[in-house]
Amino acid sequence: MTETIAAASDRPNEAPEAEALNGDIAKLRDAVLEKLTYSVGKDRNAASERDWFIAVALAVRDRMVDNWMTSVRGNYRDNRRRVYYLSLEFLIGRLLVDSLTNLGIVEPMRAALASLDVDLEKLRDIEPDAALGNGGLGRLAACFMESMATLSIAAHGYGIRYDHGLFRQTIADGWQHEFPEDWLEFGNPWEFPRPEVSYMIGFGGAVESIPRNSHPAHVWHPSETVEAVAYDTPVVGWRGKHVNTLRLWSARAPDPLKLDVFNSGDYVGALADQVRAESISKILYPSDSTPAGLELRLRQEYFFASASLQDLIRRHLEQHGDIELLADKVAIQLNDTHPSIGVAELMRLLVDVHGVDWDRAWEITVATFSYTNHTLLPEALETWPAPLMERLLPRHMQIIFLINAKHLDGLRAKGMEDAGKLSAVSLIDEHGGRHVRMGHLAFLGSHKVNGVSGLHSELVKQTVFRDLHEIFPDRICNVTNGVTFRRWLYEANPHLTKLLVETLGRGFLDDASQLQKLEPFADDLDFQARWAAAKQLNKEHLASVVADRLLIKINPNALFDVQIKRMHEYKRQLLNILDTIALYNEIRAQPMRDMAPRVKIFAGKAAASYQQAKLIIKLANDVARVVNNDPTVRDQLKVVFLPNYNVSLAEAIIPAADLSEQISTAGMEASGTGNMKMALNGALTIGTLDGANVEIREKVGSENIFIFGLKADEVAARRARGIDARETIAASPQLREVLESIADGVFSHDDRHRYQGLVDAITYHDYFLVTADFDSYRAAQAAVARRWRDRKSWQRSAILNTARTAWFSSDRAIAEYADQIWNVPVSRPKD
Ligand SMILES: *Cc1c(COP(=O)(O)O)cnc(C)c1O
């Protein structure tokens with residue numbers, strides 16, 4: 001057992017007494033064996049790694065359940081206000097090491113498994129990622145769930161249990177291909193199915209108006225009903241103290257089979273209703289920031305908003321018995337506009353089902369809801385054609401019209417006459433066919449509307465909600481995003497975490513602000529060496545991942561220059577590729593020049609329908625092929641595109657990053673959270689003054705970040721002057737050379753004109769201002785290379801990035817929501 005104790009002391013965030021540890025190891029071993037035998041039904045000698053994974057997950061889940069029950073009882077007993085986080089996306093990733101970490105039993109479990117000849121790291125890799133989200137928005141929801149549990153908030157997450165999450169990306173001949181992923185194929189050991197918790201969700205049909213004393217009552221007779229069935233996953237906070245529930249809904253047909261049709265021999269027809277119903281929770285829409293304008297998407301939104309509201313009202317009435325108290329006891333956060341049909345649904349439930357009068361119901365609704373805006377991209381501002389909504393949700397359409405009529409009447413009564421202003425704040429967009437503006441509905445139905453970074457929240461006031469902001473000047477606020485340090489530092493980067501614990505003690509694990517005690521070590525050469533050693537181990541690990549997946553050898557001593565995020569023109573992976581080509585040209589022109597070797601690392605998925613983004617993936621891969629196979633380049637430059645970017649891959653890449661690419665067109669990235677994860681792990685940022693980069697610069701200091709390019713207001717001014725880039729290109733010889741080489745087919749010998757359209761697009765119609773920022777980006781990259789050569793100075797900056805990014809913890813973000821928006825108390829793990 002001495003070895004296991006030694007191993008345990010490697011795990012920095014746990015330091016139980018050795019005896020207790022050994023006791024725990026024995027208990028864990030017994031628990032795992034029991035699960036393997038009685039739940040998985042396998043003998044030790046016949047068990048596969050997957051069997052072991054399931055057995056371990058079930059044993060770990062057991063450890064959460066007691067505290068879960070205690071938390072649930074406490075939530076009832078204390079009568080506290082509950083927080084409901086409604087999100088169409090939860091980008092969770094794997095849960096095994098996450099759960100072990102928060103329960104403080106990583107090393108005891110590792111030792112218990114070792115005594116059974118099972119390797120925890122192998123089990124870790126077997127777990128499929130729960131990818132019920134597209135990117136940053138879904139990952140934020142997952143970080144927030146963890147922080148709400150950590151801060152002991154009585155919180156529930158609500159979403160959809162998609163059978164298939166975000167597609168699996170493969171790269172074949174440089175092109176992206178999408179395949180369905182099947183995360184539930186071997187079951188999901190973390191969840192508890194709750195078949196007894198189900199709600200009827202209606203669609204279509206008609207509304208009957210029944211005369212009553214003063215107001216008619218409205219009864220909706222849907223033509224179709226679908227059943228929402230609950231699946232619960234416990235969400236354990238740091239130190240295992242508080243456990244909340246993530247409740248995901250799955251769709252079922254109320255009658256699974258039409259028996260008479262089946263017996264008549266029509267086997268497919270007998271199942272038609274079931275297929276139609278279950279399609280609602282079949283797949284996640286892979287539509288990062290552009291709404292899929294499909295009826296099924298609206299059905300998903302209403303399905304999960306209605307089930308969640310029915311469920312929380314049932315819980316509220318069981319506990320408090322009085323619907324009038326709803327707003328005192330319930331806060332509902334809308335993660336983007338996807339759940340905003342909930343505003344109309346809550347009105348329907350209050351007025352039609354619970355008999356609350358309209359004005360009082362509206363008061364309750366506004367006091368209950370709050371809404372987070374995630375984007376200013378015009379194509380992402382959700383609207384639904386009024387005829388579609390009328391057909392699918394006839395009662396909700398009536399309610400939306402009535403909310404709108406009262407809203408506009410109120411404004412007219414206050415003297416607002418301007419027809420343009422009134423139409424700008426209307427819930428109905430009358431241009432090009434009537435559409436319901438879901439952002440406006442969420443805004444009106446909420447007491448607070450927040451943006452996700454300081455800059456973004458200001459732009460929300462000036463752009464999408466300018467006119468509504470004038471009418472409700474206190475409604476918009478800011479809560480800058482954050483990330484959970486448990487996943488993105490302790491779990492993803494145990495080498496750095498260990499060094500931090502040895503240097504600072506354990507206090508920072510509970511209170512991230514103590515990371516600032518690292519500042520004095522930034523110039524300490526001995527500490528710098530240990531810091532560099534930790535980074536080096538992470539880079540070697542990533543190099544082995546790259547070698548395994550791509551058969552490309554990368555040099556772990558090179559600068560790892562990383563851009564990992566969804567593929568989108570506004571995120572400007574293209575700008576980075578142009579820089580890569582310019583670097584390649586330099587190396588070939590001056591082969592003897594001693595430059596600092598670099599590895600450009602890309603990863604990211606493009607929405608299946610987003611042709612330009614897919615072409616940019618192909619270009620990255622084409623450039624990689626040419627550069628990596630050119631003998632004059634040697635080890636100076638390598639380019640890799642890692643397929644299937646997801647949370648687990650992010651966990652492998654981020655700790656190894658030296659340079660973090662955050663180069664969006666200013667004004668277009670709402671916040672970013674990848675930027676925070678990499679700064680926390682000691683990467684220096686090269687970025688535009690956009691989203692949370694602004695606050696990262698404030699915190700880390702402008703000498704420890706590389707900022708370049710047009711600022712948000714300059715982007716607006718530049719666009720106003722026109723986006724034809726011919727003059728800009730003519731003025732930059734380097735840029736001209738790069739674009740000519742792409743257009744000439746240097747990277748596409750097999751299809752010389754593959755990129756002609758792409759080059760034409762940025763030449764004549766450079767909406768994302770790639771060309772305008774090219775020279776300043778190149779200059780910033782040159783500054784990066786100079787700094788990298790002065791390795792002590794680089795390390796100093798890297799250490800200061802970690803020391804100064806504590807503010808980007810999602811615990812800080814959630815504490816702000818709790819204080820400014822939800823009005824609920826928080827308590828920290830050590831309280
Ligand atoms: C953090 C994260 C994102 C968000 O990255 P941005 O750079 O902020 O766009 C997207 N996907 C995954 C898997 C992440 O972990």
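Which backbone N or O atom lies 3.0 Å from an oxygen atom of the ligand? Let's start there this morning, and please keep in mind throughout that we are looking at a predicted model.

The backbone atom in question belongs to Gly 674, at 3.0 Å from a ligand oxygen. The protein covers the ligand well beyond that spot: on its own the ligand would expose 390 Å², and the protein buries 96% of this area. Two elements each give two or more residues to the shell around the ligand, namely α27, residues 647-653, and α28, residues 674-680.

Now for the lysines. Lys 565 places a polar side-chain atom 2.7 Å from an oxygen atom of the ligand. For Lys 571, an N or O atom of the side chain is 2.7 Å from a ligand oxygen. Both of these lysines are among the residues that come nearest to the ligand, together with Thr 673, Gly 674 and Lys 677, out of 14 residues around it. And what is the make-up of that shell by class? There are five nonpolar, six polar and three charged residues.

Let's move on to the sheets. One is an open sheet of six strands, and its pairing is parallel. If you follow along on the structure, the order is β21-β20-β19-β22-β23-β24. The edge strands are β21, residues 637-642, and β24, residues 706-707; each has a single partner strand, so one side of each is left without a neighbour in the sheet. Further in, β19, residues 559-564, pairs with β22, residues 659-662, in the parallel sense over two bridges. For a landmark there, find Val 562, which stands opposite Ser 660 in β22.

The other sheet I'd like to show you is also open, with nine strands and mixed pairing. Its order reads β7-β10-β11-β4-β1-β12-β13-β17-β18. Why is one side of β7 and of β18 left without a neighbour in the sheet? These two strands, residues 192-203 and 476-478, stand at the edges, and each has a single partner strand, so one side of each stays without a neighbour. On average, neighbouring strands in this nine-stranded sheet are turned by 25° against each other, ignoring direction.

Let me finish inside that sheet. Strand β12, residues 330-335, and strand β13, residues 369-372, run parallel and are joined by four bridges. If you want a pair to click on, take Leu 334, whose bridge partner in β13 is Tyr 371.

That's my tour, thanks for listening!

Conventions:
Residues are numbered from 1 along each chain as its sequence is written. This is a predicted model: local features need pLDDT of at least 70, side-chain atom pairs count only at pLDDT 80 or more; totals for chains, interfaces and linings use all residues. Side-chain values use heavy atoms; hydrogens and water are left out. A residue is near a molecule or strand if one of its heavy atoms lies within 4 Å of it. A polar contact is a pair of N or O atoms within 3.5 Å; within protein, one must be able to donate a hydrogen and the other to accept it, and residues adjacent in sequence count only if both atoms are side-chain atoms. Accessible areas come from the Shrake-Rupley method with a 1.4 Å probe; for residues, only the protein chains shown count as cover. Ala, Val, Leu, Ile, Met, Phe, Trp, Tyr, Cys and Pro count as nonpolar, Asp, Glu, Lys and Arg as charged, and the others, Gly among them, as polar. Two strands pair if DSSP finds at least two bridges between them. Axes are lines fitted to C-alpha atoms, for helices over the stretch in contact, and angles run from 0 to 180 degrees between N-to-C directions.
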